Amino acid sequence: MSRQRRSRNATVIRPRHNVLFSYVFPLLMVVLVLFLSINIAKLQSWMGLVPDNEWLRLDFIDVGQGDAILVTSSTGETLLVDSGGRSQEKRILSFLRDRGIANLDYVIATHPHEDHIGAMAAIIRAFPIDFFYMPDAVNNTAAFSTMISALEESKAVVQEAREGIVLAWKAGKITLLAPFPITSATSLNNSSVVVYIEYGTTSMLLCGDAEEEVESRILTKYPTLRADLIKLGHHGSSTSSTPSFIDHLKPYVAIVTCGTDNDYGLPHRETLQLLESRRIELYRTDTNGSITVYSDGTALYAETEK
Ligand SMILES: [Zn+2]
């Protein structure tokens, strides 16, 4: 965690350089002061955070223990990845309305666990949706059946999410890197849709609750894959985010979505130690609240609710 982020909630997040930094430290400090003073001016108001021209914005919405990620662009496109749990219905609906969302171009239900789809029926009923993607996986729960009922009553075009699908998204490129064909042994977590977003030279990977098995299949299929930001799989569980996956992707920002004092002890200590040892900047919804990340195509900017 950088010092400037502790003192204020908004900052520009950039990769860290070790050796160079020690050689050019004085010069960097001058540049940093100038840079920060410009950006502090930029960041003084909420609107000031918005890059001037074209941008992509990701909101990792604090829905306690669960996932809800809103992706929007300066070109007006909208994608919601997961809804959070049923107990978060009011919060997610008011977040979307407060953001001025009138309709959703895409909604992705990463996998049929309650903490990802519990509020989905309410969202489907509240907002017109063009395309709804979900994996070929079912769950014998009220959350799943109410989501399906809501979909049947909606005009959304429902599509099966599969590895390799590219969404018709203009602001950059959005590719589904998972799920792979599901076998009887596939756990629901490993049926997760994994969403890869490229915008300018920046890239972001949203892993749902995918675990080690899916991570290694992704690396096999996409050997040159990189990501500046990763929304860690399964809320920072040690069954996801293996060292080989993280070292391959080389992210400099990680997001953990989890509830305060959650029953599962997430994120796991091994995951936190891995991020620490690789000097990856961590943001987490239990301590930071909702997290907003902007890309202007070359750098990432973050602002946290707390
Ligand atoms: Zn989950």
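**Strand β4 and its neighbours**

In this predicted model, contacts often reach a long way along the sequence: of those between residues at least 6 apart in the protein chain, 66% join residues at least 24 apart. The chain has 306 residues, and 43% of them count as buried. Its secondary structure comes to 11 helices and 15 strands.

One piece worth a look is strand β4, which covers residues 78-81. Both of its faces are covered. Thr78 and Leu80 sit on one side, Leu79 and Val81 sit on the other, and all of these residues are buried.

On to the partners of β4. One of them is strand β3, made up of residues 69-73, which runs antiparallel to β4 and is joined to it by four bridges. Within this pairing, Thr72 stands opposite Thr78 of β4, and that Thr78 is one of the buried residues just mentioned. Together β3 and β4 make a hairpin, with four residues between the two strands. Gly76 lies in the turn and has a positive phi of about 90°.

Strand β4 also pairs with strand β5, residues 104-108, but here the two strands run parallel and three bridges join them. Leu79 has Tyr106 as its bridge partner in β5. To get from β4 to β5, the chain passes through helix α4, residues 89-98, and this β-α-β crossover is right-handed. So much for the route; to recap the pairings, β4 is antiparallel to β3 and parallel to β5.

How values were computed
Residues numbered from 1 in each chain as written. Predicted model: local features only at pLDDT ≥ 70, side-chain atom pairs only at ≥ 80, totals over all residues. Buried ≥ 20, exposed ≤ 12 C-beta atoms within 10 Å, placed from the backbone. Contact = placed C-beta atoms within 7 Å. Pairing = 2+ DSSP bridges. Right-handed = clockwise from strand over helix to strand, strands pointing away.
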